[in-house]
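Let's take a walk through a protein model together, one region at a time. Keep the picture at hand and look for each residue as it comes up.

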Amino acid sequence: MASAKAVIDEGVRLGVVDRTRVAVMGHSYGAFMTANLLAHSDLFKAGIARSGAYNRTLTPFGFQNEDRTYWQAPQTYYQMSPFSYADKIKTPLLLIHGEADNNTGTFPIQSERLFSAIKGQGGTVRFVLLPLEAHGYAARESVLHMFWEMNNWLTTYVTNASATPAAAGKP
C-alpha cells in the first residue's frame with residue numbers, strides 16, 4: 001500500500017496525476033496485487049485484473065516465494081488472499097481471464113469465485129472470460145476484445161466518473 005501511495009504522491013507532485021482519477025491494473029501476479037490493493041486501500045478509482053490468483057487456498061502447495069504448504073501456514077494463505085476480503089472491495093473491478101488458462105495457479109475458477117464473492121457483497125465487478133485463451137492472450141479477436149473492455153471500464157469508472165475520491169478511511 002505504501003509503495004502505491006508513494007507512486008501516486010510522486011505523480012501528483014510532478015503535476016501529471018490527478019489523485020482522484022487513478023486506476024490500477026495487472027496480469028497474473030499483478031492481478032493478485034491489484035485485487036489486494038483494492039481490498040486494502042481506497043487509493044484507486046477502478047481496477048483491472050487479468051488472469052490472477054485471488055484465493056491462495058486454491059494453490060495449497062506454495063506460491064511465489066511462499067514455500068510452506070497451506071497446511072503448514074493456513075493463516076498466511078488466508079491473509080494473502082484478496083478473496084478473503086471480497087466484502088471490502090468496493091472499487092469497481094474488471095476481471096478478465098482466459099478460459100483455457102494453463103497456469104496451475106491461475107485456473108479460471110480464481111476469477112469466477114472472486115467475481116461471485118464481490119458481486120454477492122454488493123461490489124461493482126465485471127467478469128470477462130476469453131474463449132480458448134491460455135494464461136497469455138494470443139488471438140487477435142481476444143486481444144482486441146480485451147482492449148475494448150478495458151477502455152470501456154476506464155472510460156466509465158475513471159474518465160467519466162465524478163472527481164470525488166473513493167470512500168475515505170482506508171490508508
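Five residues, Phe61, Phe63, Tyr70, Trp71 and Tyr77, come together in one aromatic cluster. As you look for them, remember that this is a predicted model. Across the structure there are 8 aromatic pairs. One of them joins Phe61 and Trp71, whose ring centres are 5.5 Å apart, with 50 degrees between the planes, and this pair is tilted. Phe61 and Trp71 are 10 residues apart, and each sits in the loop between strand E2 (46-50) and helix H3 (74-80). Are these two residues buried or exposed? Both Phe61 and Trp71 turn out to be exposed.

A second pair is made by Phe115 and Phe127: their ring centres are 6.1 Å apart and their planes meet at 35 degrees, so this pair is tilted too. Phe115 belongs to helix H4 and Phe127 to strand E4, so the pair ties together parts that lie 12 residues apart in sequence. Phe115 has a relative accessibility of 23%, so it counts as partly exposed. Phe127, with a relative accessible area of 22%, is partly exposed as well. One more ring deserves a glance: Arg56 lies over the face of Phe32, 4.5 Å from the ring centre.

Phe115 has already brought us to helix H4, so let's stay with this helix. H4 covers residues 109-120, which makes 12 residues. At 1.5 Å a residue they should span 16 Å, and the C-alpha atoms at the two ends are indeed 16 Å apart, so expectation and model agree. Which residues of H4 are buried? They are Gln110, Ser111, Leu114, Ala117 and Ile118. Around the axis they cover an arc of only 130 degrees, which means that they sit on the same side of H4. What do they pack against? The partners are helix H2 (29-40), strand E3 (93-98) and strand E4 (125-130).

Ser111 lets us look at this helix through a single residue, since it lies in H4. Its relative accessibility is 0%, which is why it counts as buried. Setting aside neighbours within four places in sequence, Ser111 is in contact with Tyr54, Leu95, Ile96, His97 and Phe127. Just after H4, you will find Gly122 with a positive phi of about 85 degrees.

Helix H5 (residues 140-159) can be read in a similar way. Its buried residues are Ser142, Met146, Glu149, Met150, Trp153 and Val158. Seen down the axis of H5, they fall within an arc of 115 degrees, so they line one face of the helix. What covers them includes strand E1 (23-27), E2, E3 and E4. The face of H5 turned away from this buried side carries the exposed residues Arg140, Glu141 and Thr159.

Now for some backbone angles. Most residues other than glycine have a negative phi. Ser51 is not a glycine, yet its phi is positive, at about 50 degrees. Ser51 is found in the loop between E2 and H3, and at 0% relative accessibility it counts as buried. Leu132 is another residue other than glycine with a positive phi, near 65 degrees. Its place is the loop between E4 and H5, and with a relative accessibility of 76% Leu132 counts as exposed.

Towards the start of the chain, Asp9 is found in helix H1 (residues 2-14). A relative accessibility of 26% makes Asp9 partly exposed. Asp9 and Arg19 are 10 residues apart along the chain, and their C-alpha atoms are separated by 7.8 Å.

Finally, how much confidence does the predictor give this model? The mean pLDDT of the protein is 94, and 95% of its residues reach 70 or more. Over residues 167-171, however, the pLDDT is below 50, although this stretch has 13 contacts in the model beyond near neighbours in sequence. Where pLDDT is low, the predicted coordinates should not be read in detail.

How values were computed: Residues are numbered from 1 along each chain as its sequence is written. This is a predicted model: local features need pLDDT of at least 70, side-chain atom pairs count only at pLDDT 80 or more; totals for chains, interfaces and linings use all residues. Side-chain values use heavy atoms; hydrogens and water are left out. Helices (H or I, at least four residues) and strands (E, at least two) are DSSP runs, numbered from the N terminus. The expected span of a helix is 1.5 Å times one less than its number of residues. Buried means under 20% relative accessible area, exposed over 50%, partly exposed in between (1.4 Å probe, protein chains only). The arc is that of the directions from the helix axis to the C-beta atoms. Contact means heavy atoms within 4.5 Å. Rings of Phe, Tyr and Trp (its six-membered ring) pair if their centres lie within 6.5 Å; planes under 30 degrees apart count as stacked, over 60 as edge-to-face and the rest as tilted. A charge sits over a ring if NZ of Lys or CZ of Arg is within 6 Å of the ring centre and within 35 degrees of the ring normal. pLDDT is the predictor's confidence in each residue, from 0 to 100.
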